[in-house]
Amino acid sequence: MMKILVCISNVPDTTTKITFTDNNTQFNTTGVQFILNPYDEIALARAIELTDAGNGSVTVINVGEANTDATIRKALAIGAGDAVRINAKPHDAWFVASQIANYVKSNPFDLILTGRESIDYNGSKVAGMIGELLDIPSVSIVKKLVVDGESATVEREIEGGKEVLVIPLPFVAGTAEGVAEPKIPNMRGIMSARSKPLVVVEPIEVKTLSEVVGYETPPVRGQVKLADPGNPAQLVDWLHTQARVI
């Protein structure tokens with residue numbers, strides 16, 4: 001029976017208007033709708049497929065405070081069997097990876113899946129850091145994942161082609177589009193999620209290696225200038241003198 005751990009993040013919805021507080025050093029969560037990170041949903045979907053028909057178990061783990069419980073319950077509704085929440089604010093990738101790796105050292109898994117990145121910070125760091133901390137292989141941006149006995153075959157896109165790797169279990173994979181299609185929880189899953197185990201674990205102390213100095217939003221886009229269709233010379237002039245692209 002294969003045991004799979006899926007690492008999930010609680011992220012702002014893609015339609016969220018991003019603002020900051022405390023002199024642009026803190027993300028403003030007021031009125032923000034949080035969701036299960038879409039790339040993590042892909043990882044979870046593949047884990048459920050790999051353990052279908054009683055071939056294993058799926059546990060989800062999240063580093064977050066109590067306000068992430070709704071996101072965790074959604075993962076349980078989708079099909080995870082149980083969940084772990086490490087009770088701490090996820091300061092950065094190093095902190096998150098350290099907490100997850102510490103849990104896995106006492107609770108080993110055959111396969112650890114993450115999304116390729118979280119859609120808020122887009123760092124793509126956690127999978128590699130977990131692998132390093134556990135001294136097991138890690139591979140990022142996995143497009144295909146097939147487990148066969150004690151090893152797995154994964155595919156990654158590289159410049160000009162594909163890379164195919166055969167990796168022994170256990171290992172960490174950061175999954176991307178193509179691995180699986182996200183699953184929509186059904187009513188039975190939603191009802192059963194209420195009674196599935198969600199264990200809360202206190203964090204370990206982790207040395208702070210980075211801190212946020214400040215955030216900046218992208219500059220406001222300027223007003224669009226429309227050239228007269230009958231005067232292409234005007235467009236060429238703007239591209240040369242103002243946009244400076246020709």
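**Exercise 1. Determine which residue of β13 is the bridge partner of Ala83, and trace the pairing of β6, β7 and β13.**

Solution. Step 1: Ala83 has Leu198 as its bridge partner in β13. Strands, such as these, are DSSP runs of E with at least two residues, and helices are runs of H or I with at least four residues, numbered from the N terminus. The model is a predicted one, in which local features need pLDDT of at least 70 and side-chain atom pairs count only at pLDDT 80 or more, while totals for chains, interfaces and linings use all residues. Residues are numbered from 1 along each chain as its sequence is written, and side-chain values use heavy atoms, with hydrogens and water left out.

Step 2: β7 and β13 are joined in the parallel sense by 4 bridges; two strands pair if DSSP finds at least two bridges between them.

Step 3: β7 also runs parallel to β6, with 6 bridges between the two. Within this pairing, Asn62 has Arg85 in β7 as its bridge partner.

Step 4: Helix α2 (residues 69-78) completes a right-handed β-α-β unit with β6 and β7. The crossover is called right-handed if, with the strands pointing away from the viewer, the path from the first strand over the helix to the second runs clockwise.

**Exercise 2. Establish how β8 is paired and whether its faces are covered or not.**

Solution. Step 1: β8 pairs with β1 in the parallel sense over 3 bridges, and Leu5 stands opposite Ile112 in β8.

Step 2: β8 also runs parallel to strand β12 (residues 171-175), to which 5 bridges join it. Here Gly115 has Thr175 in β12 as its bridge partner.

Step 3: In a regular strand, side chains alternate between the two faces of the sheet. In β8, Leu111, Leu113 and Gly115 lie on one side and Ile112 and Thr114 on the other, and all are buried. Buried means under 20% relative accessible area, exposed means over 50%, and partly exposed lies in between (1.4 Å probe, protein chains only).

**Exercise 3. Compare the expected span of helix α3 with its end-to-end distance, and state what covers the buried residues of α3.**

Solution. Step 1: The expected span is 1.5 Å times one less than the number of residues. For the 14 residues of α3 (residues 93-106) the expected span is 20 Å, and the end C-alpha atoms are 21 Å apart, which agrees.

Step 2: Of these 14 residues, 10 are buried. Among them are Phe95, Val96, Ile100, Tyr103 and Val104.

Step 3: The cover over the buried residues of α3 includes β1 (2-7), β6 (56-64), β7 (82-87), β8 (111-115), α4 (126-134) and β13 (198-201). Contact here means heavy atoms within 4.5 Å.

**Exercise 4. Locate Ile8, decide whether it is buried or exposed, and list what Ile8 touches.**

Solution. Step 1: Ile8 belongs to the loop between β1 and β2 (10-12).

Step 2: Ile8 is classed as buried because its relative accessible area is 4%.

Step 3: Not counting residues up to four places away in sequence, Ile8 touches Leu36, Asp40, Val60, Ile61, Asn62, Ile72 and Ala75.

**Exercise 5. Identify the aromatic pair and the charges that sit over rings.**

Solution. Step 1: Rings of Phe, Tyr and Trp (its six-membered ring) pair if their centres lie within 6.5 Å; planes under 30 degrees apart count as stacked, over 60 as edge-to-face and the rest as tilted. The count by this rule is 1 aromatic pair. Phe20 and Tyr215 form a stacked pair, 4.6 Å centre to centre with 5° between the planes. Phe20 lies in strand β3 (residues 20-21) and Tyr215 in the loop between β13 and α6 (232-241), 195 residues apart.

Step 2: Tyr215 counts as buried because its relative accessibility is 19%.

Step 3: A charge sits over a ring if NZ of Lys or CZ of Arg is within 6 Å of the ring centre and within 35 degrees of the ring normal. Lys3 lies over the face of Phe109, 4.9 Å from the ring centre, and the charged end of Lys225 sits over the ring of Trp238 at 4.4 Å from its centre.

**Exercise 6. Find the backbone features of Pro170, Asn24 and Asn122.**

Solution. Step 1: Leu169 and Pro170 are joined by a cis peptide bond, with omega about 0°; Pro170 lies in the loop between β11 (161-168) and β12.

Step 2: Asn24, although not a glycine, has a positive phi of about 60°. Asn24 is in the loop between β3 and β4 (26-27) and, with a relative accessible area of 37%, is partly exposed.

Step 3: Asn122, also not a glycine, has a positive phi of about 55°. Asn122 is in the loop between β8 and α4, and its relative accessibility of 40% makes Asn122 partly exposed.
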